[in-house]
Protein chains: 4
Amino acid sequence: MHSDALLRLAEYFAEFPGIGERQSKRFVYFLLSKHPEYLRDLAHSIMDIQKNISRCELCYHFFSGRGEKLCETCTNPATDTTLLMVVEKDADYEAMKKSGMYLGRYFVLGGLVPITSKEAHSRVRIDELVRALKQQAGLKEIILALSLNPHGEHTDTYLREVLSSTTRELGITITSLGRGLSTGTELEYSDTSTLKNAFKNRQ
Amino acid sequence: MHSDALLRLAEYFAEFPGIGERQSKRFVYFLLSKHPEYLRDLAHSIMDIQKNISRCELCYHFFSGRGEKLCETCTNPATDTTLLMVVEKDADYEAMKKSGMYLGRYFVLGGLVPITSKEAHSRVRIDELVRALKQQAGLKEIILALSLNPHGEHTDTYLREVLSSTTRELGITITSLGRGLSTGTELEYSDTSTLKNAFKNRQ
Amino acid sequence: MHSDALLRLAEYFAEFPGIGERQSKRFVYFLLSKHPEYLRDLAHSIMDIQKNISRCELCYHFFSGRGEKLCETCTNPATDTTLLMVVEKDADYEAMKKSGMYLGRYFVLGGLVPITSKEAHSRVRIDELVRALKQQAGLKEIILALSLNPHGEHTDTYLREVLSSTTRELGITITSLGRGLSTGTELEYSDTSTLKNAFKNRQ
Amino acid sequence: MHSDALLRLAEYFAEFPGIGERQSKRFVYFLLSKHPEYLRDLAHSIMDIQKNISRCELCYHFFSGRGEKLCETCTNPATDTTLLMVVEKDADYEAMKKSGMYLGRYFVLGGLVPITSKEAHSRVRIDELVRALKQQAGLKEIILALSLNPHGEHTDTYLREVLSSTTRELGITITSLGRGLSTGTELEYSDTSTLKNAFKNRQ
């Protein structure tokens with residue numbers, strides 16, 4: 001692949017989540033063999049996605065709507081405004097929404113705070129979250145809904161620290177998603193931490 | 001492999017957990033090339049395992065000890081006799097024991113009740129469990145500690161039904177291990193059931 | 001993901017080689033969070049790939065060059081014109097080129113002939129291949145270099161049939177890549193066909 | 001698993017090909033729960049395998065037969081005694097035999113010569129192989145049939161060196177299994193060595 005144009009496109013694709021160098025080249029060859037019109041449509045589709053998508057100014061979720069400031073969940077009067085669930089990213093938001101059991105507001109943090117990071121503020125939307133807390137009238141509980149891996153746990157701890165004075169002041173409770181056995185967990189192969197949580201949280 | 005003796009041994013190995021036909025043959029060739037003394041030692045080791053191992057008459061756990069009736073956990077005065085944890089098999093018992101946070105008694109059920117089974121009694125130690133409940137003075141809580149898969153969940157439901165009259169009579173509470181996020185759970189890829197449990201059991 | 005624009009883009013990505021529905025959505029979210037300028041650059045990069053890339057009119061390989069008709073290999077006087085290697089696709093061409101041991105011409109077939117196909121002609125460049133054979137002065141040997149899977153083997157057989165009268169007429173030999181043990185082949189786990197080829201082609 | 005007897009048996013199983021520590025313990029629990037008669041039968045089956053199995057004094061293949069010195073292939077008058085195929089182990093012998101296309105004699109080397117080894121002689125049956133060469137009347141060709149991995153290739157080179165004077169003296173040709181594409185080989189993902197062999201050995 002000696003053309004600069006092909007290599008540059010392959011480099012773009014190699015940045016896509018989960019795509020390595022080899023597959024990025026296959027993408028390029030795949031596109032090379034397509035009709036020019038297909039490429040034009042794809043390119044326009046890429047340029048257009050942000051056009052009709054807005055990022056909610058309250059919860060930072062991407063939503064369908066041109067020029068609108070607030071997403072449907074944030075404006076829906078049926079949304080339970082006593083709850084605010086903090087998720088890492090849009091895909092987590094969608095997974096939770098799809099489960100159908102949570103009916104409150106959300107806040108998309110925009111990432112996790114890496115354990116080793118010294119610039120947590122620049123990585124995630126801390127200031128925006130604090131502002132959202134203060135703006136949500138009637139808020140009683142913030143639910144930290146982060147994946148159960150080292151960065152997720154670190155972010156949970158970090159958020160509890162950073163938010164503590166604000167939540168104390170406003171009388172808001174901070175909770176985290178429950179821990180224990182998840183679908184498919186086999187006791188025999190479980191780590192001590194999962195078994196401890198499962199025992200502690202038995203019911 | 002045209003010798004009947006080899007094929008018969010390969011068939012034995014093919015019954016071992018997780019071993020297929022091909023690997024069972026590799027085991028046979030592996031043993032064929034060993035010194036006769038090695039084979040004799042291995043064979044004796046196999047015949048001997050049950051000699052110095054007893055199955056506890058109370059909890060049905062295998063333990064080291066010749067001719068003894070009760071295992072160390074069942075006889076240890078430090079064991080918390082207000083609790084009884086029901087596990088499927090010895091490996092689960094060991095995993096839980098190793099985690100170090102549970103200090104009560106155990107009961108090894110000897111299997112799970114398959115969803116489709118009509119002979120649950122013959123599959124697991126129900127009668128023995130009921131008897132164990134009645135014999136354990138001061139018992140306050142039975143903890144069902146089963147893997148979170150369809151058979152495990154079915155067994156949980158089944159045990160709660162079968163034990164209900166006895167536990168009501170004796171004033172014993174039935175609990176199950178807590179459910180939610182386990183180590184490594186990514187929200188984005190979680191099923192609805194795990195998310196529901198994690199939300200319901202937030203804290 | 002309820003926006004039509006997002007879903008349409010996700011559908012595009014789901015057509016990419018090796019990409020499923022879930023990953024295609026991750027691509028979309030990945031792009032959503034990028035700066036508009038990044039999207040514009042990527043889109044232009046996609047539209048541009050064919051601009052500076054030509055498909056060689058002789059061998060059908062994509063190559064770097066605007067408006068040129070023949071690729072470097074086809075025009076290079078050092079290329080051995082007594083040989084013509086038929087490959088399925090550009091990636092195979094590149095793998096072979098990179099190995100550095102073949103110095104003749106190539107022909108990119110554009111696909112394989114599926115075993116069940118009744119329209120072989122519309123699937124691969126047969127007519128173009130016959131024409132290339134006739135145009136290549138001094139051609140002595142065509143090397144069928146197809147992957148060793150059912151469709152590849154079927155295509156090999158098909159090409160030998162279709163080309164036989166032309167090659168006989170022009171005095172051209174048809175060969176296929178050698179078969180036997182490839183890097184990593186373990187005898188114990190090899191299929192009969194590989195062992196047969198390896199034995200037959202011993203040297 | 002605190003019983004010495006259990007741990008010792010688990011250690012035996014952990015030596016079995018492809019078995020790790022965890023699975024070896026599962027084997028032990030599996031056997032613990034079996035009927036004593038089952039264990040006795042398994043143990044006898046293990047002790048018995050060598051009883052009715054002999055190792056051929058010519059080719060070192062294990063074969064069914066008590067007290068016999070030569071295997072069926074070595075004694076069968078239909079066996080082609082102009083050929084001798086050197087394989088690493090019994091499983092390779094079986095794979096080759098099963099393919100049905102080779103009808104000559106075999107020699108089981110008993111291992112490969114590791115690249116870094118300085119004691120090749122103690123690892124594989126070199127002296128026995130030289131003796132077998134000399135004893136096989138009418139032998140014309142030795143086929144080195146070793147897996148195509150670094151140790152296999154090293155052993156191939158090593159054998160050619162060690163055997164060269166004997167084979168030259170006796171007028172015996174040394175060949176190796178053919179190399180090229182094996183079943184399933186995709187050109188795009190092939191290493192240079194496989195492509196080189198496939199091109200060189202085209203036909």
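## Exercises on a predicted model

In this predicted model, the face of α1(A) turned away from its buried side carries two exposed residues, Asp4(A) and Glu15(A).

**Exercise 1.** Find the buried residues of α1(A), and work out why they lie on the same side of the helix.

*Solution.*
1. Start with the helix. α1 of chain A runs over residues 4-15, twelve residues in total. From first C-alpha to last, α1(A) reaches 17 Å, close to the 16 Å expected at 1.5 Å a residue.
2. Apply the cut-off: a buried residue has 20 or more other C-beta atoms within 10 Å of its own. In α1(A), Leu6(A), Leu9(A), Ala10(A) and Phe13(A) are buried.
3. Check the arc. These residues cover only 105° around the axis, so they sit on the same side of α1(A).
4. Recall the helix geometry. An α-helix has 3.6 residues a turn, so residues three or four places apart point the same way.
5. Identify the cover. It includes α2 (21-32) of chain A, and also α3 (36-48) and β1 (53-55) of chain C.

**Exercise 2.** Describe the side of chain C that touches chain D, and determine how the two copies are related.

*Solution.*
1. Count contacts. 41 residues of chain C are in contact with 41 residues of chain D.
2. Assign elements. α5 (90-99), β5 (141-145), β6 (173-176) and α9 (192-200) of chain C each supply at least two residues. α9(C) gives the most, with nine.
3. Sort by type: 15 nonpolar, 18 polar and eight charged.
4. Superpose. A turn of 180° and a shift of 0.1 Å along the axis lay chain C on chain D with an RMSD of 0.1 Å. The copies are thus related as by a two-fold rotation axis.
5. Locate the axis. In chain C, the C-alpha nearest to it belongs to Gly180(C), at 2.3 Å.
6. Compare surfaces. 100% of the interface residues of chain C are also interface residues in chain D, so the copies meet through the same surface.

Definitions and conventions: Residues are numbered from 1 along each chain as its sequence is written. Chains are lettered from A and ligands numbered from 1 in the order in which they are written. This is a predicted model: local features need pLDDT of at least 70, side-chain atom pairs count only at pLDDT 80 or more; totals for chains, interfaces and linings use all residues. Two residues are in contact if their C-beta atoms, placed from the backbone, lie within 7 Å. Helices (H or I, at least four residues) and strands (E, at least two) are DSSP runs, numbered from the N terminus. Ala, Val, Leu, Ile, Met, Phe, Trp, Tyr, Cys and Pro count as nonpolar, Asp, Glu, Lys and Arg as charged, and the others, Gly among them, as polar. The expected span of a helix is 1.5 Å times one less than its number of residues. A residue is buried if 20 or more other C-beta atoms lie within 10 Å of its own, exposed if 12 or fewer, and partly exposed in between; C-beta atoms are placed from the backbone. The arc is that of the directions from the helix axis to the C-beta atoms. Copies are superposed by least squares on the C-alpha atoms of residues with pLDDT of at least 70 in both.
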